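Got the model open in your viewer? Let's take a short walk through it, one selection at a time.

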Amino acid sequence: MTTTVRLAAADDRTAVLDLLRAGLPDDAGDDTGGLEHLLWGALDDQRLAFLAERGGEVVGGAFGSVAERDGTVRAYVTVVVVGEGHRRSGVGRLLMTALEEAAAARGATGIQAGGSAPAYWWPGVDTADEGTTAFFAACGYEPPDGPPATNLDVDLATHVDLVRAATPASVPLRRLRLEEWPAFEAWMRETWGETWAAEAGAALLRQPVSCFVAVEDGAYLGFAAYDTNRAGWFGPMGSSPAARGRGIGSALLRACLSDYVDAGRTSCEIAWVGPVDFYARTVGAVPGRTFLALRKPLDAGSDASA
């Protein structure tokens, strides 16, 4: 059967979301709102979006982006999916070729699977997912030199007492307000950089706003956000060095996870973890999935399939 690859359009939204809901592993396609914002929230020249059709039916899709960081233009594979009845028939390879060619034409010198912060669905390829790892390897992608990114799992039902621990009266904690975004964004950019500022900004799209802040005498001391990209994932979080040791980070973490408990969630993931011991001690987190941002070099301005 002939396969046609074309650019995705705005009116493909429903078909794509249905495909992702059915084709992504586990519960990765369940957060329709998060996927819709991720794939259509920023319609600009840096977004890459291709669909595969057979007989007029959308049977696969590949989405990505191009960004310049530290003077290097790199492309990122956000999501690639092929419908159940069309796998292992070359559809995925055709989509990846289209994505890579478009990225190279935009000046990207390399492309990686996942890790496209601030807008990402996975930090990379799940190291336990042998099928996806094999697919990217067949497309010429290789592991990076560094260690994998680690997510932590939190059993909210088992550790509800830790999550619900009282916030010290000395911690000036509250939910971020929509009207304070300009001031909060300026603080985020100055203190934590543009990537975390943009990621935290996505919390404003959730109802209720999925970000808590610690504010004292008009100054931000820390923040914590959740569901910024996908539901059930906590992060990012940070507290100012001058405010550390006051329990602000613990209080912010518990406030976010308490929202999960209130919403009926029994578990969550903490993405791209740094201080493992802190999360284990505070909310009983344990090591979970690990991810590798598999990479492939591109010849900028050339045909990636050549």
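Two strands count as paired if DSSP finds at least two bridges between them. Keep that in mind as you look around; note too that this is a predicted model.

**Stop one: the open sheet.** Show the cartoon and pick out the 8 strands that form an open sheet, in the order β6-β13-β7-β12-β11-β10-β9-β8. The pairing here is mixed. Now colour β6 (125–126) and β8 (173–175): these stand at the edges with a single partner strand each, so one side of each has no neighbour in the sheet.

**Stop two: inside the sheet.** Select 149–155 and 267–270, which are strands β7 and β12. They run antiparallel, and 4 bridges join them. For one residue pair to look at, click V154: its bridge partner in β12 is C268.

**Stop three: the cysteines.** How many disulfides does the structure hold? The count is 0. Try C211, for instance: the nearest cysteine sulfur belongs to C256 and lies 6.8 Å away, whereas a disulfide would need the two sulfur atoms within 2.5 Å. Seen from C256, the nearest cysteine sulfur is that of C211. Are they buried or exposed? C211 has 0% relative accessibility, so it counts as buried, and C256 is buried with a relative accessible area of 0%.

**Last stop: T72.** Jump to strand β4 (residues 72–82), where you'll find T72. This threonine counts as partly exposed because its relative accessibility is 33%. Leaving aside neighbours within four places in sequence, T72 is in contact with A67 and T109. Finally, draw a distance from its C-alpha to that of G107: 9.4 Å, with their positions 35 residues apart along the chain.

Technical notes. Residues are numbered from 1 along each chain as its sequence is written. This is a predicted model: local features need pLDDT of at least 70, side-chain atom pairs count only at pLDDT 80 or more; totals for chains, interfaces and linings use all residues. Side-chain values use heavy atoms; hydrogens and water are left out. Helices (H or I, at least four residues) and strands (E, at least two) are DSSP runs, numbered from the N terminus. Buried means under 20% relative accessible area, exposed over 50%, partly exposed in between (1.4 Å probe, protein chains only). Contact means heavy atoms within 4.5 Å.
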